[in-house]
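The following exercises concern a two-chain model and are each followed by a worked solution. Please consult the sequence and the coordinates while working through them.

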Amino acid sequence: MQEFSRRNFIKVVGAGSAVALTGIGCAPHKTRGADKAHVVVVGGGSGGATAAKYLKKYSPELNVTLVEPNARYYTCYGSNWVLGGIVDMDFIEQTYGALESRHGVKVVQDRVTAVDADGRNVRLASGETLQYDKLVMSPGIDFRYDRTEGISEADAERIPHAWKAGDQTRILRQQLEDMPNGGTFVMVAPPNPFRCPPGPYERVSLIANYFKQEKPRSKIIILDQKDGFSKQGLFEEGWAQEYGDMIEWRPASDGGLVEEVDVRNMTAVTEAGFERVEADVMNFIPAQRANQIVHDAGLTNAEGWCPVRQDTFRSERDDNIYVLGDASVAGAMPKSGHSANTQGKMVAASISHELAGRDPVTPTAVNTCYSLVTPDYGISVAAVYQFEDGQMAGVEGAGGVSPTGASSRFREQEAQYTRGWYAGITADIWG
Amino acid sequence: MKKSRLTFAGLVGAVALAIPFAQATAGDEITRGQLMADTCVNCHSAASAEAGGAPDLSNYPSSLIVSQMKAFRDGERPGTVMDRHATGYTDEEIEALAAYVGQ
């Protein structure tokens with residue numbers, strides 16, 4: 001990568017910003033060295049790692065520190081392929097070496113314990129404090145076990161959520177492997193809004209694919225906490241074609257709503273207590289909210305998510321803090337890895353321009369979510385977004401889902417593009 | 001609907017600086033064309049092409065990207081997903097992003 005040079009710096013400020021040069025107005029205060037602003041990015045998932053990498057690409061002169069507790073990151077996208085036995089955990093493992101060695105991001109393996117917005121610093125579990133000029137928060141989600149009786153996070157080894165990939169993915173895969181042929185897999189699917197809207201239904205698809213091959217007498221029941229889901233027509237078409245009646249979907253209003261989970265007996269209680277659904281393996285995906293750290297930092301609204309000015313993803317609560325990815329309220333954009341990735345670029349461009357004293361970049365964003373119905377049967381939803389009436393909104397006439405009734409060749413092509421998408425987006429974020 | 005807010009100066013800049021963005025000068029202005037182009041690389045890169053996915057467009061002539069995006073958008077070329085993406089962009093936007101994606 002290109003080294004920062006004095007000549008380039010002068011060129012930058014000469015072109016755009018007398019303000020930054022003379023140190024008046026809203027010029028950033030310098031925390032590290034005479035000329036370098038410091039941006040701290042919290043969270044090394046799709047949003048945070050993208051923001052960190054693109055900040056250095058757009059403004060190589062910035063100091064960028066990425067704080068992430070784990071040395072290895074397992075992408076949630078692709079974790080359903082692990083559960084279906086198509087790929088191993090290694091396939092969805094990402095690391096931070098390239099961000100440091102190729103892109104000049106300083107990666108700190110630590111956990112943020114507190115944000116001091118007035119003092120413009122974050123405290124880490126190690127005791128260190130990092131001063132920032134701009135703070136980018138991409139902390140992801142936490143679970144709301146308080147919505148359902150009988151189950152808590154402490155039960156996640158017996159009844160995994162597997163909605164943050166890693167050990168939870170391994171646990172659920174092991175349970176599926178141990179389940180006898182003829183067993184029942186029950187998924188409790190979450191209410192809106194939640195991370196990866198098509199994710200529960202791709203998961204069920206690929207578990208069905210595994211059962212079809214290895215345990216064909218088995219049954220799958222989805223107890224849904226809502227009455228509809230992403231790409232529903234496409235999934236249902238694929239399920240009928242590929243899996244017959246193996247998968248049963250119960251909407252919230254027709255037997256799906258779960259009042260209580262009897263963890264010891266691996267049973268979901270529905271229909272106001274009148275129906276008990278017994279499972280051999282249960283996957284309880286709880287209701288969700290933004291991660292605790294942004295609650296503690298005072299960046300959330302009453303619904304538990306972070307309101308932002310959606311043209312920049314700058315927090316509505318603090319001018320020097322940006323929140324992106326699943327934790328943010330992002331208009332029409334879904335809580336997806338691809339959304340977080342494209343938002344990371346918007347944030348990087350916004351901060352880059354602001355610190356250089358330039359006008360904001362007109363926002364633009366896209367999303368493409370692929371799902372596999374079988375390893376050779378892919379479906380997608382796509383959208384292009386623009387900023388309109390204060391929100392990121394889908395461009396009229398663009399986007400939408402794959403056609404129903406498409407040929408098997410079309411589905412195969414989309415499955416191939418699914419694999420290409422994974423390779424491409426992970427290289428874009430962590431490569 | 002008219003969507004582009006690309007300024008004349010921005011458009012000229014995008015075309016004149018049609019170089020891969022990794023080679024851009026430190027802290028250069030980021031145009032809307034560049035930001036749009038940076039959303040293409042999720043699916044269109046050496047990594048995606050190697051995995052058998054969408055083609056790497058970095059060596060494609062910009063003019064070819066323009067003509068194919070318009071063909072996807074206008075229904076003249078069938079696609080799996082590109083038709084759904086291409087309908088999100090005006091002529092100006094396609095030209096601005098193609099200047100960055102290709103060469």
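Two residues are in contact if their C-beta atoms, placed from the backbone, lie within 7 Å. The model is a predicted one.

**Exercise 1. The interface.** Determine how many residues of chain B are in contact with chain A, and which elements of chain B contribute to that side.

Solution.
1. Applying the contact criterion across the two chains gives 32 residues of chain B in contact with 49 residues of chain A.
2. On the side of chain B that touches chain A, the elements giving two or more residues are helix 2 (32-37), helix 3 (46-50) and helix 5 (82-86) of chain B.
3. By residue class, this side of chain B comprises 12 nonpolar, 13 polar and 7 charged residues.

**Exercise 2. The fold of chain B.** Describe the secondary structure of chain B, its burial and its contacts.

Solution.
1. Chain B contains 6 helices and 0 strands, and its pattern along the sequence is accordingly written α-α-α-α-α-α.
2. Of the 103 residues in chain B, 50% are buried.
3. Among the contacts in chain B with a separation of 6 or more, 64% join residues 24 or more positions apart.

**Exercise 3. A sheet in chain A.** Establish the strand order of the open sheet formed by 3 strands of chain A, and identify which strands stand at the edges.

Solution.
1. The order is 14-15-16, with antiparallel pairing.
2. Strand 14 (258-262) and strand 16 (275-278) of chain A each have a single partner strand, so they stand at the edges and one side of each lacks a neighbour in the sheet.
3. From one strand to the next, the twist averages 25°.
4. Strand 15 (residues 267-270) of chain A pairs with strand 16 of chain A in the antiparallel sense over 4 bridges.
5. In strand 16 of chain A, A:Arg276 is the residue opposite A:Val269.

**Exercise 4. The environment of A:Asp167.** Is A:Asp167 buried, exposed or partly exposed?

Solution.
1. A:Asp167 belongs to helix 6 (residues 167-178) of chain A.
2. A residue is buried if 20 or more other C-beta atoms lie within 10 Å of its own, and exposed if 12 or fewer do.
3. A:Asp167 has 14 other C-beta atoms within 10 Å and is therefore partly exposed.
4. The C-alpha atoms of A:Asp167 and A:Ala348, which are 181 residues apart along the chain, are separated by 31 Å.

**Exercise 5. An annotated span.** Characterise residues 362-430 of chain A.

Solution.
1. An unreviewed UniProt entry annotates residues 362-430 of chain A as "domain: Flavocytochrome c sulphide dehydrogenase flavin-binding".
2. The span is 33% helix and 41% strand, and its end C-alpha atoms lie 26 Å apart.

Note on methods:
Residues numbered from 1 in each chain as written. Chains lettered and ligands numbered in written order. Predicted model: local features only at pLDDT ≥ 70, side-chain atom pairs only at ≥ 80, totals over all residues. UniProt positions renumbered as here; feature names shortened; annotations may be inferred. Nonpolar A, V, L, I, M, F, W, Y, C, P; charged D, E, K, R; others polar. Pairing = 2+ DSSP bridges. Axes fitted to C-alpha atoms, helices over the stretch in contact; angles between N-to-C directions.
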